[in-house]
Amino acid sequence: MVFDLGGGTLDDFTVEKAIGRGHFSVVHRAVRNSDAKRVALKKVSIFDTMDAKARERCIKEVKLLQTLPPHPCIIRFEGAFIDSNELYIVFEWAEHGDLRQVNGSEGNAHWDQYMDNHLGE
């Protein structure tokens, strides 16, 4: 079963290594085949491990993400789809990692560089 929420199908991506794990999900580094753009691909097990209410909440979250306008301080939502009973959410690739990594000792230098590049200071 494939259900497109504006993100394509799993065949549209080359999935690379896992970069993070949660209770219901795994995030992989991936490349979108159509434009060779690196993305973060979050795979959520919504059918095997969640009840109907939790599944509906995940779908509502995706629909909410679709409405958010782009912002330089928020990781951009790129799309989502359901393939083989898994929900996949496609996010912009964050080269320097998540906020935990950015806020680490090395992270402050990355944040300063980001602010300089985007605010012109």
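Helices, taken as H or I runs of at least four residues, and strands, taken as E runs of at least two, are DSSP runs numbered from the N terminus. By that definition, the protein chain of this predicted model contains three helices and six strands. Followed along the sequence, these elements are arranged in the pattern β-β-β-β-α-β-β-α-α.

The chain has 121 residues, of which 31% count as buried. Its exposed surface amounts to about 8,100 Å², and carbon and sulfur atoms supply 52% of that area. Among the contacts with a separation of 6 or more, 46% are made by residues 24 or more positions apart.

The interior may be considered next. The largest nonpolar core comprises 16 residues, and Val44, Ile46, Phe77, Leu87 and Ile89 are those with the most contacts inside it. At least two residues of this core are supplied by each of four elements: strand 4 (37-44), helix 1 (52-67), strand 5 (77-83) and strand 6 (86-92). Helix 1 provides the largest share, namely five residues. A second core, separate from this one, consists of seven residues, including Ala30, Val39, Leu41 and Val90.

Val44 offers a detailed view of the largest core, being one of the residues with the most contacts inside it. When residues up to four places away in sequence are not counted, Val44 touches Phe24, Ser25, Met50, Cys58, Glu86, Leu87 and Ile89. Two of these partners, Leu87 and Ile89, are themselves listed with Val44 among the core residues with the most contacts.

The backbone also deserves attention in two loops. Most residues other than glycine have a negative phi. Ala36, which is not a glycine, has a positive phi of about 60 degrees. This residue is found in the loop between strand 3 (25-32) and strand 4. Is the side of the chain at Ala36 buried or exposed? Ala36 has a relative accessible area of 60%, and because exposed means over 50%, the residue is classed as exposed.

Asn85 is another residue other than glycine with a positive phi, in this case near 65 degrees. Asn85 lies in the loop between strand 5 and strand 6. The relative accessibility of Asn85 is 37%; because this value falls between the limits of 20% for buried and 50% for exposed, Asn85 counts as partly exposed.

Key
Residues numbered from 1 in each chain as written. Predicted model: local features only at pLDDT ≥ 70, side-chain atom pairs only at ≥ 80, totals over all residues. Heavy atoms only, no water. Core = buried A, V, L, I, M, F, W, Y, C linked by side-chain atoms within 4.5 Å. Buried < 20%, exposed > 50% of the residue type's maximum accessible area, 1.4 Å probe, protein only. Contact = heavy atoms within 4.5 Å. Areas by Shrake-Rupley, 256 points an atom, 1.4 Å probe, with all protein chains shown as cover.
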